[in-house]
Each structure stands twice: as structure tokens, then as C-alpha cells.
Amino acid sequence: MDEESADVFLPSRERCFERLRLARFGETVTCVHCGSDEVVKRGTTGKDAQQYWCKDCETYFNDLTDTIFGQHRFELEEMFYIVKEMRSELTAQIARDLDRDYEAVLDFVHEVQKASGDIDEFELSEVCEADEVYVTAGEKGLEDEDESPRERGLKKRDAETSRETNHQS
Ligand SMILES: [Zn+2]
């Protein structure tokens, strides 16, 4: 791992899924194909999404099915990071932060921009920027409230993007 990507703050994958699930399904998971609530959990996908089996239409689906998160190689927390940062950060910088291919990040950014016009189930940026997703990500390390993950993220950004002059406030 190189130094630049080592201190990038990513939320926990589990919290991202929780948040996504809540935004998509609310309290009750319903089938994305037929709308039935006769749905049972059936393991997880390779990306750690919860997989479900619909007893009515006898089809599998998972947390990411039919969302823009479904077709990418990125991990969910990386996609949350991109959605959160893309409004204030250059795509090239995000790609460096994540140590990911610039083209791949750019593709995803374009898709988010395209999708945000016609997503009506939930507001993408709201989901990805939800405080509880980010705040709890510090829990596996220190429980130091003076230096929250969010603050660290901001500090890092101040330090690294001083060449950019977006200081309107
Ligand atoms: Zn179904």
C-alpha cells in the first residue's frame, strides 16, 4: 500500500450495506422483480451483499441488484466514497485516494451523474453521506471523539489540495 492511499478514510462496508438496505427497502425487504414480501435470506454475494430468494417468483436478488452499485468492481464503501467526494474532489484525486484506475472511477462518476436524475427510490448522495455511515467507521480503532474520522478526512483534504482554490464559504 502506498502512502497516499493508506490514510484515506473509508466507511465500514457493513454500515454502507445497512444504509443502502434501509434506503431501498425500508423495514421490509421486498422482491425487486415482483414486489412480494415472501422473501428469505440466502447467503451473501462475493461483494458481501445480502442475497435473497423470492418464494413467489422463485428468483434470487441481492442488495445491489438493479442499483448502480451492482455492475462495478469497486467495493461498496469505495463507491460511497466516490459519491461523497465527487462534488468537491477531482476525479483524478479520488482515483489516487482509492488507488484505483482513473478511467474506472470516471466511468462510475459519469454513471452516478446520469443516474441521479432518475433515481426515485432513494436519494443517492443522501444515502452515501449519511452521518451514521461515516461516524461509526472509526469504531474498530480508537474511541477518541476529539479526532473523528470525518475530521481526519477534512484535514487530509486541506493538506493535499491546497493547489485548488475552492475556498468559498
Ligand atoms: Zn419475486
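Select helix H3 (residues 76-85) together with helix H5 (residues 102-115). Their axes come within 10 Å and cross at roughly 65°. Axes here are lines fitted to C-alpha atoms, for helices over the stretch in contact, and angles run from 0 to 180 degrees between N-to-C directions. That angle makes H3 roughly perpendicular to H5. In these terms, angles under 35 degrees count as roughly parallel, over 145 as roughly antiparallel, 65 to 115 as roughly perpendicular and the rest as oblique. Helices (H or I, at least four residues) and strands (E, at least two) are DSSP runs, numbered from the N terminus.

Stay with this pair and show side chains. Met-79, Ile-82 and Val-83 in H3 meet Val-105, Phe-108, Val-109 and Val-112 in H5. To meet, or be in contact, two residues need C-beta atoms, placed from the backbone, within 7 Å. H3 passes H5 in a right-handed crossing. A crossing is right-handed if the near helix is turned clockwise from the far one by less than a right angle, and left-handed if anticlockwise.

A word on what is on your screen. This is a predicted model, in which local features need pLDDT of at least 70 and side-chain atom pairs count only at pLDDT 80 or more, while totals for chains, interfaces and linings use all residues. Residues are numbered from 1 along each chain as its sequence is written.

**Next stop: H4 and H5**

Keep H5 and add helix H4 (residues 91-98). How far apart are the axes of H4 and H5? They are 9 Å apart, and the two helices pack at an angle of about 120°. That makes H4 oblique to H5. Here, too, the crossing is right-handed as H4 passes H5. Thr-91, Ala-92, Ile-94 and Ala-95 in H4 meet Tyr-102, Val-105, Leu-106 and Val-109 in H5.

Now select H4 alone. Which residues of H4 are buried? They are Ile-94, Asp-97 and Leu-98. A residue is buried if 20 or more other C-beta atoms lie within 10 Å of its own, exposed if 12 or fewer, and partly exposed in between, with C-beta atoms placed from the backbone. Seen down the axis of H4, these buried residues fall within an arc of 85°, so they line one face of the helix. The arc is that of the directions from the helix axis to the C-beta atoms.

Step on to Asp-99, which follows H4 and sits in the loop between H4 and H5. Its phi is near 60°, a positive value in a residue other than glycine. Asp-99 counts as partly exposed because 13 C-beta neighbours lie inside 10 Å.

**Towards the N terminus: H2 and H3**

Return to H3 and add helix H2 (13-25). The axes of H2 and H3 come within 8 Å and cross at roughly 70°, and the two helices are therefore roughly perpendicular to each other. Where they meet, look for Arg-13, Cys-16 and Phe-17 in H2, and for Leu-76, Glu-77 and Phe-80 in H3.

Click on Leu-10 next, in the loop between helix H1 (3-6) and H2. Leu-10 is partly exposed, with 18 other C-beta atoms within 10 Å. Draw a distance from its C-alpha atom to that of Phe-80: the two residues are 70 apart along the chain, yet the atoms are separated by 8.4 Å.

**Around the strands**

Find Cys-34 in the loop between H2 and strand E1 (39-44). Leaving aside residues up to four places away in sequence, Cys-34 touches Cys-54, Asp-56 and Cys-57. Cys-34 counts as partly exposed, with 13 C-beta neighbours inside 10 Å.

Then select Asp-48, in the loop between E1 and E2. Phi of Asp-48 is near 75°, a positive value in a residue other than glycine. Its 16 C-beta neighbours inside 10 Å make Asp-48 partly exposed.

**Last stop: the whole chain**

Zoom out and colour by pLDDT, the predictor's confidence in each residue, from 0 to 100. The chain averages 79, and 71% of the residues score at least 70. Where is confidence lowest, and where highest? It is lowest in helix H8 (residues 149-160), at a mean of 44, and highest in strand E2 (residues 50-54), at 97. Over residues 136-169 the pLDDT is below 50, and this stretch has 19 contacts beyond near neighbours in sequence. Where pLDDT is low, the predicted coordinates should not be read in detail.

Finally, switch to a cartoon view and trace eight helices and three strands.
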